[in-house]
Amino acid sequence: MATTLGVTETYGLSEDKVRDFKEAFDYFSEQEGLYEELNTKNLAKHLSDMGYEASTAELAQFRLSCDATATGKYSFDGFLKVISKILKTGDMEDVLKQAFRIFDKAGTGSISTDVVRDIMKEADKDMTPEEIEQIITETDADGSGEVDFEEFKEMMMGD
(Lines give C-alpha, C1' and ligand atoms only; values in the text may rest on other atoms or scores of the structure.)
Protein backbone atom coordinates (compact mmCIF):
# COMPACT_ATOMS: atom_id res chain seq x y z
CA MET A 1 0.00 0.00 0.00
CA ALA A 2 1.34 3.43 -0.89
CA THR A 3 2.15 5.85 1.88
CA THR A 4 1.65 9.57 2.15
CA LEU A 5 4.07 11.21 4.57
CA GLY A 6 4.52 7.95 6.43
CA VAL A 7 0.85 7.06 6.85
CA THR A 8 -0.94 4.34 4.95
CA GLU A 9 -4.46 5.50 5.87
CA THR A 10 -5.52 9.04 4.94
CA TYR A 11 -9.10 8.77 6.28
CA GLY A 12 -10.55 10.21 3.11
CA LEU A 13 -8.28 13.26 3.09
CA SER A 14 -6.52 14.26 -0.12
CA GLU A 15 -2.75 14.04 -0.31
CA ASP A 16 -2.61 17.85 -0.22
CA LYS A 17 -4.68 17.95 2.96
CA VAL A 18 -2.55 15.26 4.58
CA ARG A 19 0.55 17.29 3.71
CA ASP A 20 -0.92 20.47 5.17
CA PHE A 21 -2.03 18.79 8.38
CA LYS A 22 1.41 17.22 8.70
CA GLU A 23 2.79 20.76 8.85
CA ALA A 24 0.45 21.61 11.73
CA PHE A 25 1.30 18.35 13.52
CA ASP A 26 5.03 19.01 13.16
CA TYR A 27 4.53 22.54 14.51
CA PHE A 28 2.78 21.23 17.63
CA SER A 29 5.35 18.44 18.04
CA GLU A 30 8.17 20.98 17.91
CA GLN A 31 6.38 23.16 20.48
CA GLU A 32 6.19 20.17 22.85
CA GLY A 33 9.83 19.22 22.26
CA LEU A 34 8.79 15.84 20.94
CA TYR A 35 9.52 13.97 17.74
CA GLU A 36 6.70 12.50 15.64
CA GLU A 37 4.22 12.41 18.54
CA LEU A 38 2.12 14.66 20.73
CA ASN A 39 0.86 14.45 24.29
CA THR A 40 -2.76 13.36 24.42
CA LYS A 41 -3.37 15.67 27.39
CA ASN A 42 -2.73 18.61 25.04
CA LEU A 43 -5.23 17.52 22.37
CA ALA A 44 -7.80 20.16 23.42
CA LYS A 45 -5.12 22.88 23.14
CA HIS A 46 -3.97 21.64 19.74
CA LEU A 47 -7.53 21.72 18.43
CA SER A 48 -8.16 25.11 20.03
CA ASP A 49 -4.98 26.49 18.47
CA MET A 50 -6.42 25.39 15.13
CA GLY A 51 -9.71 27.17 15.88
CA TYR A 52 -11.80 24.17 16.94
CA GLU A 53 -13.34 24.12 20.39
CA ALA A 54 -14.26 20.53 21.17
CA SER A 55 -16.89 19.63 23.74
CA THR A 56 -15.98 17.34 26.63
CA ALA A 57 -17.76 14.45 24.91
CA GLU A 58 -15.94 15.13 21.63
CA LEU A 59 -12.58 15.26 23.41
CA ALA A 60 -13.23 11.90 25.04
CA GLN A 61 -14.11 10.42 21.64
CA PHE A 62 -11.13 12.07 19.95
CA ARG A 63 -8.71 10.86 22.65
CA LEU A 64 -9.98 7.32 22.20
CA SER A 65 -9.54 7.63 18.42
CA CYS A 66 -6.00 8.92 18.54
CA ASP A 67 -4.71 7.03 21.58
CA ALA A 68 -6.71 3.81 21.76
CA THR A 69 -4.13 2.09 23.98
CA ALA A 70 -3.96 5.01 26.46
CA THR A 71 -0.21 5.59 26.11
CA GLY A 72 -0.60 9.33 26.73
CA LYS A 73 0.82 10.11 23.30
CA TYR A 74 -0.50 10.13 19.78
CA SER A 75 1.05 9.98 16.34
CA PHE A 76 0.36 11.78 13.09
CA ASP A 77 -1.97 8.92 12.17
CA GLY A 78 -4.04 9.60 15.30
CA PHE A 79 -4.04 13.31 14.50
CA LEU A 80 -5.41 12.56 11.01
CA LYS A 81 -8.18 10.41 12.52
CA VAL A 82 -9.30 13.33 14.67
CA ILE A 83 -9.04 15.89 11.86
CA SER A 84 -11.05 13.66 9.52
CA LYS A 85 -13.82 13.40 12.13
CA ILE A 86 -13.88 17.18 12.49
CA LEU A 87 -13.98 17.60 8.72
CA LYS A 88 -16.93 15.25 8.50
CA THR A 89 -18.84 17.42 10.98
CA GLY A 90 -18.36 20.50 8.80
CA ASP A 91 -16.38 22.61 11.29
CA MET A 92 -13.23 22.70 9.24
CA GLU A 93 -13.42 26.34 8.21
CA ASP A 94 -12.73 27.37 11.81
CA VAL A 95 -9.74 25.01 11.92
CA LEU A 96 -8.42 26.45 8.66
CA LYS A 97 -8.86 30.03 9.89
CA GLN A 98 -6.68 29.33 12.88
CA ALA A 99 -4.06 27.52 10.80
CA PHE A 100 -4.03 30.51 8.45
CA ARG A 101 -3.48 32.86 11.41
CA ILE A 102 -0.45 30.80 12.45
CA PHE A 103 1.16 31.44 9.05
CA ASP A 104 -0.06 35.06 8.77
CA LYS A 105 2.38 36.24 11.42
CA ALA A 106 2.04 39.91 10.41
CA GLY A 107 -1.76 39.76 10.60
CA THR A 108 -2.17 41.22 7.10
CA GLY A 109 -4.87 38.78 6.00
CA SER A 110 -2.56 37.08 3.53
CA ILE A 111 0.56 34.96 3.40
CA SER A 112 3.20 35.24 0.74
CA THR A 113 3.64 32.53 -1.85
CA ASP A 114 7.19 32.21 -0.47
CA VAL A 115 5.69 31.15 2.88
CA VAL A 116 3.38 28.69 1.08
CA ARG A 117 6.41 27.35 -0.80
CA ASP A 118 8.34 26.88 2.47
CA ILE A 119 5.37 25.15 4.11
CA MET A 120 5.05 22.75 1.21
CA LYS A 121 8.79 21.99 1.11
CA GLU A 122 8.77 21.25 4.83
CA ALA A 123 5.58 19.21 4.74
CA ASP A 124 6.62 16.93 1.90
CA LYS A 125 10.32 16.65 1.20
CA ASP A 126 9.57 14.40 -1.80
CA MET A 127 7.52 17.05 -3.61
CA THR A 128 9.36 18.39 -6.63
CA PRO A 129 9.86 22.13 -7.16
CA GLU A 130 7.67 21.83 -10.25
CA GLU A 131 4.81 20.31 -8.24
CA ILE A 132 5.13 23.05 -5.64
CA GLU A 133 5.08 25.75 -8.31
CA GLN A 134 2.01 24.21 -9.95
CA ILE A 135 0.10 24.26 -6.65
CA ILE A 136 1.19 27.84 -5.97
CA THR A 137 0.12 28.92 -9.45
CA GLU A 138 -3.28 27.29 -8.96
CA THR A 139 -3.65 28.72 -5.45
CA ASP A 140 -2.56 32.27 -6.28
CA ALA A 141 -4.79 32.47 -9.35
CA ASP A 142 -4.69 36.28 -9.41
CA GLY A 143 -0.86 36.26 -9.44
CA SER A 144 -0.59 38.72 -6.55
CA GLY A 145 2.23 36.83 -4.82
CA GLU A 146 -0.03 36.65 -1.77
CA VAL A 147 -2.48 33.97 -0.69
CA ASP A 148 -5.56 35.22 1.14
CA PHE A 149 -7.74 33.06 3.35
CA GLU A 150 -10.15 32.05 0.56
CA GLU A 151 -7.26 30.92 -1.64
CA PHE A 152 -5.69 29.12 1.32
CA LYS A 153 -9.00 27.41 2.10
CA GLU A 154 -9.38 26.26 -1.50
CA MET A 155 -5.83 24.88 -1.44
CA MET A 156 -6.43 23.04 1.83
CA MET A 157 -9.89 21.74 1.01
CA GLY A 158 -9.05 20.86 -2.57
CA ASP A 159 -12.13 22.72 -3.83
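This report walks through the pockets and cavities of a predicted model, together with helix α1 and residue T113.

## Ground rules

Because this is a predicted model, local features need pLDDT of at least 70 and side-chain atom pairs count only at pLDDT 80 or more, while totals for chains, interfaces and linings use all residues. Residues are numbered from 1 along each chain as its sequence is written, and side-chain values use heavy atoms, with hydrogens and water left out.

Rolling a probe the size of a water molecule over the atoms shows where empty space is left. Here the search runs on a 1 Å grid over the protein atoms alone: a cavity is a set of points where a 1.4 Å probe fits but cannot get out, and a pocket is an open set with protein on both sides within 12 Å along at least five of seven lines. Lining residues have an atom within 4 Å of a point. Grid points are joined across faces, edges and corners, and a volume is the space filled by probe spheres set on the points.

## Helix α1

Helices are DSSP runs of H or I with at least four residues, numbered from the N terminus. Helix α1 covers residues 15-32. With 18 residues at 1.5 Å a residue (the expected span is 1.5 Å times one less than the number of residues), α1 should span 26 Å, and its end C-alpha atoms are indeed 26 Å apart. Just after α1 comes G33, with a positive phi near 70 degrees.

Buried residues (under 20% relative accessible area, with a 1.4 Å probe and protein chains only) in α1 include F21, E23, F25 and F28.

## The two largest pockets

The largest pocket holds about 190 Å³. Its lining is made up of E23, D26, Y27, S29, E30, L34, Y35, E36 and E122, and α1 is the main contributor, with five residues. By class there are three nonpolar, one polar and five charged residues; Ala, Val, Leu, Ile, Met, Phe, Trp, Tyr, Cys and Pro count as nonpolar, Asp, Glu, Lys and Arg as charged, and the others, Gly among them, as polar.

The second largest pocket has a volume of about 150 Å³. Around it sit E23, Y27, I102, F103, K105, V115, D118 and I119. Helices α1, α5 (92-103) and α6 (113-123) each supply at least two of these residues, and α6 has the largest share, with three. This lining has five nonpolar, no polar and three charged residues.

## Enclosed cavities

Three cavities of 30 Å³ or more turn up in the whole structure. The largest has a volume of about 80 Å³, and its lining includes D20, F21, E23, A24, M50 and F152. Two or more lining residues come from each of α1, α5 and α8 (149-157), with α1 giving the largest share, four residues. Nine of the lining residues are nonpolar, none polar and two charged.

The second largest cavity contains about 40 Å³ of space and is lined by D16, R19, D20, M120, I135 and M155. Helix α1 again gives the most, with three residues. The classes here are three nonpolar, no polar and three charged.

## T113 in helix α6

T113 belongs to helix α6. It counts as buried because its relative accessibility is 10%. Beyond neighbours within four places in sequence, T113 is in contact (heavy atoms within 4.5 Å) with I136, D140, G145, E146 and V147.

Technical notes. Buried means under 20% relative accessible area, exposed over 50%, partly exposed in between (1.4 Å probe, protein chains only).
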